[in-house]
Amino acid sequence: MSITQNPEAELMKKIRSLPPDKITVLKDFIDFLLTRSEAGVLVDTVTKLSEAAFAKIWDNQEDAEYAEQLEESAALYAEIYKEDTDLQELTEY
């Protein structure tokens, strides 16, 4: 493959040399690449736009207290599990 000063011209020359059925395949592939690129931009944009809204929802004292309670419960259950051999046997695969 040669490196040219005008990659667009080289690409167009290659496209023009393709048979019609391959041009259709190429067009579908290009559409796929463009759609994937557009989708990525859309996801990034939506994510950035939603950050402030989610921060208001998630960043509150009530949820922080609930998360702390969940962590405490998980630690308690882990301790119980360590000491309860019957429970350990029930959960063995």
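Is Asp31 buried, partly exposed or exposed? Asp31 is partly exposed, with a relative accessible area of 32%, and I will come back to this residue when we reach its salt bridge. Before that, please keep in mind that what you see above is a predicted model, and that the confidence of the prediction is the place to start.

Across the chain the pLDDT averages 86, and 95% of the residues score at least 70. Confidence is highest in helix α1, which covers residues 7-16 and reaches 93, while helix α4, residues 85-90, has the lowest confidence, with a mean of 80. As a general caution, predicted coordinates should not be read in detail where pLDDT is low.

Let me now turn to the salt bridges, of which the structure holds three, and go through them along the chain.

In helix α1, the side chains of Lys14 and Glu10 meet in a salt bridge, with a distance of 3.5 Å from N to O. These two residues are four apart in that helix, about one turn. The partners are covered to differing degrees: Glu10 counts as buried because its relative accessibility is 17%, under the 20% cut-off, whereas Lys14, at 40%, counts as partly exposed.

The next bridge brings us back to Asp31, whose side chain meets that of Lys27 at 2.9 Å, N to O. Both residues belong to helix α2, which runs over residues 20-58, and here again the partners are four residues apart, about one turn of the helix. As for the opening question, Asp31 is called partly exposed because its 32% lies between the limits of 20% for buried and 50% for exposed.

The remaining bridge joins Lys82 to Glu79, the closest N and O atoms being 3.2 Å apart. These two residues are separated by about one helical turn, because they stand three residues apart in helix α3. Lys82 is exposed, since its relative accessible area of 57% is over 50%, while Glu79, at 37%, counts as partly exposed.

Staying with helix α3, I would like to look at the surface, and to begin with charge. Glu62, Asp63, Glu65, Glu68, Glu71 and Glu72 form a negative surface patch. One of these, Glu68, is found in helix α3, which spans residues 61-83, and with a relative accessible area of 48% Glu68 is partly exposed.

There is also a patch of another character, and which residues make the nonpolar surface patch of about 630 Å²? The answer is Leu76, Tyr77, Ile80, Tyr81, Leu87 and Leu90. Two elements, α3 and α4, each give two or more residues to this nonpolar patch, and the largest share, four residues, comes from α3. Leu76, for example, lies in helix α3. Since helix α4 contributes here, it is fair to recall that α4 is also the helix where confidence is lowest, at a mean of 80.

Finally, a word about Ala74, which also lies in helix α3 and, at 46% relative accessibility, counts as partly exposed. How many ångströms separate the C-alpha atoms of Ala74 and Ile23? The separation is 59 Å, for two residues that are 51 apart along the chain.

How values were computed:
Residues numbered from 1 in each chain as written. Heavy atoms only, no water. pLDDT = per-residue confidence, 0-100. Patch = residues over 30% accessible without salt bridge, like charges linked within 9 Å, V, L, I, M, F, W, Y side chains within 5 Å. Areas by Shrake-Rupley, 256 points an atom, 1.4 Å probe, with all protein chains shown as cover. Salt bridge = Lys/Arg side-chain N within 4 Å of Asp/Glu carboxyl O. Lys, Arg positive; Asp, Glu negative; His and termini not counted. Charge placed at Lys NZ, Arg CZ, Asp CG, Glu CD. Buried < 20%, exposed > 50% of the residue type's maximum accessible area, 1.4 Å probe, protein only.
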